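Biologist: I'd like to go through this one with you. Whenever you use a label, I'm going to ask what makes it fit.

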Amino acid sequence: MRDLLAETFLRLVRTASPTGHEAAVAELVAQYLADLGLAITRDNAQETCEAECGNLLAFLPGTAPGYPVIMLNAHLDTVVHEGEIEPVVEGDFIRSAGETILGADDKAGIALILLALRQIIEEKLPHGDLWAVFTVAEETGLWGAQRLDYARLQPWPQMCYALDGGRQPGKMGTAAPSSSSLDVTITGRAVHAGVRPEAGVSAILAAAQAISALQLGRLDPETTANVGTIAGGSAPNIVPERCVLRAEARSHDDGKLTAQIEHMTVCFREAGRSVGAQVEVEVGRSYTAFALAEDAPLVQRAAQAARRLGLEPVTERGGGGSDANVFNEYGIPSLMMATGAMDLHTSQEQLNIAASLECLEWLVETATISDG
Ligand SMILES: [Zn+2]
């Protein structure tokens, strides 16, 4: 199984799939699922987001009564990278040879789902109805999950395990924050900086004042905020007319998130007023928080499966959003299950093969453990 896992994972990471270029890996996954005999459909998510193709939905009818309808999920896209991904196997680890990401986020999740389904089918393990849903354009805003054609999910999944976000065997993400974005455009007045500076209104000065007044970083155990990009001005000798900033805030507590967004909006508006610039703030909700109870059936099921394998089940709160946020919002209780990947979104990204194998066993156990 170790070789099969490594081989499957390597094939997936060698098929590059930065957001907007998911078609090739979607084809690979669809072929694998078709060979296993699963019924496959694709929705039209690409028509309303930047994905290259639709989400891939595969269904495996149950073989035994007394199981919930379970959905397994991973996303097909990776963060954008420059240059080809060159995976190397070093002992128990698969790393990226070059400066790029490895793509274990989320190719590790895809590999685990494919191998779990294969094992369940080949070993004729009893199971209920299983959905495998592979989403597109996750990394740039959970677009595939947001545009998923939920009407196709019949029977409706009672729980979902999203194989995403790294983590080591036994660990599951059962809570994630809400996130909102702020797009700020500051408009001042451009004049020659040496001839008539008195008549100018500097949009960059307003931005600087706003940022120095902002509370940013980790604000409390539940809340974070960041100004991520800033662009403005046109030349050293022109008082800058425009400055555009993109910022975000996250919190596990929606009240705190609302307060932080309000604080940020007020800082930008006051700074604009103090220098005489116009400020436009556009606030968008990126995704909504979730927090599963420890006794939620999907948490209990995964915890019980972990214990049976001698793993210690640990629930934890994540700081990032994922498709699980969207599925929870749509009424499918979802948690993030470990994949054995580490250092996601960096050139240090790696897959611990032994850990990933344990995650595979855990996933199979979770999908096939009987309720009774
Ligand atoms: Zn991911």
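**What earns each label**

Modeller: Let's begin with strands β1 (residues 39-42) and β2, which are joined by four bridges and run antiparallel. One bridge partnership is isoleucine 40 with alanine 58 of β2. Keep in mind that this is a predicted model.

Biologist: What makes β1 and β2 count as paired?

Modeller: Pairing takes at least two bridges between the strands. β1 and β2 have four, so they count as paired. β2 also has β6 (residues 130-135) as an antiparallel partner, joined to it by five bridges, and there leucine 60 sits opposite leucine 130 of β6.

Biologist: Why do you call strand β2 (residues 56-60) mostly covered?

Modeller: A residue is buried if 20 or more other C-beta atoms lie within 10 Å of its own. In β2, five of its five residues are buried, so "mostly covered" is fair.

Biologist: Which residues of β2 point which way?

Modeller: Leu56, Ala58 and Leu60 point one way, Leu57 and Phe59 the other, and all are buried. That fits the general pattern: in a regular strand the side chains alternate between the two faces of the sheet.

Biologist: On to helices. Why is α2 called roughly parallel to α3?

Modeller: The axes of α2 (residues 23-36) and α3 (residues 104-122) come within 10 Å and cross at roughly 10°. Angles under 35 degrees count as roughly parallel, so the label applies to α2 and α3.

Biologist: Which residues meet there, and how do they divide by class?

Modeller: From α2 you have Val29, Tyr32 and Leu36; from α3, Ile110, Leu114, Leu117, Arg118 and Ile121. By class that's seven nonpolar, no polar and one charged.

Biologist: What makes β4 and β17 edge strands?

Modeller: Their open sheet has four strands in the order β4-β5-β18-β17, with antiparallel pairing. β4 (87-90) and β17 (341-342) each have a single partner strand, so one side of each lacks a neighbour in the sheet.

Biologist: How do you know that β17 and β18 (residues 350-352) really pair?

Modeller: They have two bridges, in the antiparallel sense. The cut-off is at least two, so they qualify. Alanine 341 is opposite leucine 351 of β18. Helix α1 (residues 2-14) lies across β4, β5 (93-96) and β18, at about 155° to β4.

Biologist: Into which domains is the protein divided, and how far apart are their C-alpha centres?

Modeller: Domain 1 is 2-176 + 289-368, and domain 2 is 178-287. The C-alpha centres lie 37 Å apart. Ten residues of domain 1 are in contact with seven of domain 2, and the domain 1 side of that contact has five nonpolar, four polar and one charged.

Biologist: And in the five-stranded sheet, what puts β10 and β13 at the edges?

Modeller: That open sheet runs β10-β11-β12-β9-β13, with antiparallel pairing. β10 (217-220) and β13 (278-287) have a single partner strand each, so each has one side without a neighbour in the sheet. On average, neighbouring strands are turned by 20° against each other, direction ignored.

Biologist: How many bridges pair β9 with β12?

Modeller: Ten, between β9 (residues 178-187) and β12 (residues 242-251), in the antiparallel sense. Aspartate 183 faces arginine 246 of β12 across the pairing. Helix α6 (residues 254-275) packs on this sheet, touching β9, β10, β11 (223-232), β12 and β13, with its direction at about 160° to that of β12.

Definitions and conventions
Residues numbered from 1 in each chain as written. Predicted model: local features only at pLDDT ≥ 70, side-chain atom pairs only at ≥ 80, totals over all residues. Axes fitted to C-alpha atoms, helices over the stretch in contact; angles between N-to-C directions. Parallel < 35°, antiparallel > 145°, perpendicular 65-115°, else oblique. Contact = placed C-beta atoms within 7 Å. Nonpolar A, V, L, I, M, F, W, Y, C, P; charged D, E, K, R; others polar. Buried ≥ 20, exposed ≤ 12 C-beta atoms within 10 Å, placed from the backbone. Domains from an automatic or database assignment.
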